[in-house]
Amino acid sequence: MRLASKVALITGGAGGFGAAQARLFAAEGAVVVIADLREETGPLLATNIESEGGRAIYIRLDVTDWNSWAAAIDKTILSFGIPTVLVQNAGIYLHDSIAETTPVQWESVMDVNAKGVFLGTKTVVPHMIKAGEGSIVNISSTSGIVGSRISAAYNPSKAAVRVFTKSTALQYADCNIRANSIHPGPADTEMLASVYPSNDVLASRAKEIPMGRFGTAMDVAYAALFLTSDESSYMTGAELVVDGGLTAQ
């Protein structure tokens with residue numbers, strides 16, 4: 001098993017990319033902590049993983065709140081031990097232009113998408129140092145690499161995740177802690193449906209992708225599995241693009 005004996009804390013773990021990661025990581029031997037605000041789907045997912053022979057718990061986590069992070073880490077350590085794997089998925093999307101975006105909306109997107117990753121890293125890293133190892137995977141986006149004609153806040157927030165990951169990698173390389181980012185393109189998740197509610201628009205968008213389809217949550221989960229496993233032990237500060245060739249054009 002590729003993650004045997006590892007404790008993995010997954011933010012946004014109750015749905016989308018995070019839920020796929022939770023199931024896959026548990027199947028690969030990890031003890032999984034599903035950290036999310038969704039208090040109905042989170043416990044249900046943990047129960048399902050346990051029924052399939054894995055080990056998992058749900059912990060309520062508001063990634064924008066320092067105290068919530070501290071409580072989540074304390075509960076994780078009490079339940080399973082120090083998390084040596086951290087995957088940060090939690091994020092929100094805002095489909096508004098610069099003219100349409102209010103300062104409050106900007107701050108909300110930055111709080112979840114960028115500040116949340118900072119707080120998670122700042123909270124977990126001291127424990128990883130004690131454990132002598134750690135792998136952090138931050139879910140950015142292809143939107144963190146390019147600009148946008150339609151969104152003001154989302155792309156900058158994901159660009160912040162991209163560069164913050166590199167800073168993390170540099171600052172903790174000598175502590176045996178790795179940090180890498182994943183950059184998914186459009187993927188068939190709840191967020192995609194909220195951005196492109198029309199089937200015609202979805203079909204048109206899919207045709208823009210060289211591979212002719214949207215990604216799936218499992219496409220991203222397998223990328224996260226690789227980066228959190230020992231197979232990627234010489235990778236840190238790297239960007240793994242999972243977009244069907246979209247940004248290669």
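In this predicted model, lysine 166 and glutamate 239 form a salt bridge, with the closest N and O atoms 3.1 Å apart. Lysine 166 belongs to helix α5, which spans residues 154–172. Glutamate 239 belongs to strand β7. The pair therefore ties together parts that are 73 residues apart in sequence. Lysine 166 is partly exposed, with a relative accessible area of 29%. Glutamate 239 also counts as partly exposed, at 28% relative accessibility.

Salt bridges that share partners also occur: Lys6, Glu133 and Asp230 are joined into one network. Within this network, aspartate 230 forms a salt bridge with lysine 6. The closest N and O atoms of that pair are 3.5 Å apart. The two residues come from distant parts of the chain, 224 residues apart. Aspartate 230 sits in the loop between α8 (217–228) and β7 (239–242). Lysine 6 sits in the segment before β1 (7–11). The partners differ in exposure. Aspartate 230 has 54% relative accessibility and counts as exposed, because the cut-off for that class is over 50%. Lysine 6 has 9% relative accessibility and counts as buried, because that value is under 20%.

A further salt bridge joins the side chains of aspartate 36 and arginine 38, at 3.1 Å from N to O. Aspartate 36 counts as buried, at 8% relative accessibility. Arginine 38 is partly exposed, with a relative accessible area of 35%. Over the whole structure, the search finds 10 salt bridges. Side chains of opposite charge can pair when their charged atoms come close.

Helix packing was examined for α3 and α4. Two packed helices are described by the angle between their axes and the distance between the axes. Helix α3 covers residues 66–79, and helix α4 covers residues 103–131. Their axes come within 10 Å. They cross at roughly 40°. The crossing of α3 past α4 is right-handed.

The contact between these helices involves named residues on both sides. Helix α3 contributes Trp66, Trp69, Ala70, Ile73 and Ile77. These meet Gly116, Leu119, Gly120, Lys122, Thr123, Val124 and His127 of helix α4. By class, the contact residues comprise 7 nonpolar, 4 polar and 1 charged. Lys122 of α4 is the charged member, because Lys is classed as charged.

Definitions and conventions: Residues are numbered from 1 along each chain as its sequence is written. This is a predicted model: local features need pLDDT of at least 70, side-chain atom pairs count only at pLDDT 80 or more; totals for chains, interfaces and linings use all residues. Side-chain values use heavy atoms; hydrogens and water are left out. Axes are lines fitted to C-alpha atoms, for helices over the stretch in contact, and angles run from 0 to 180 degrees between N-to-C directions. Helices (H or I, at least four residues) and strands (E, at least two) are DSSP runs, numbered from the N terminus. A crossing is left-handed if the near helix is turned anticlockwise from the far one by less than a right angle, and right-handed if clockwise. Contact means heavy atoms within 4.5 Å. A salt bridge is a side-chain nitrogen of Lys or Arg within 4 Å of a carboxyl oxygen of Asp or Glu. Buried means under 20% relative accessible area, exposed over 50%, partly exposed in between (1.4 Å probe, protein chains only).
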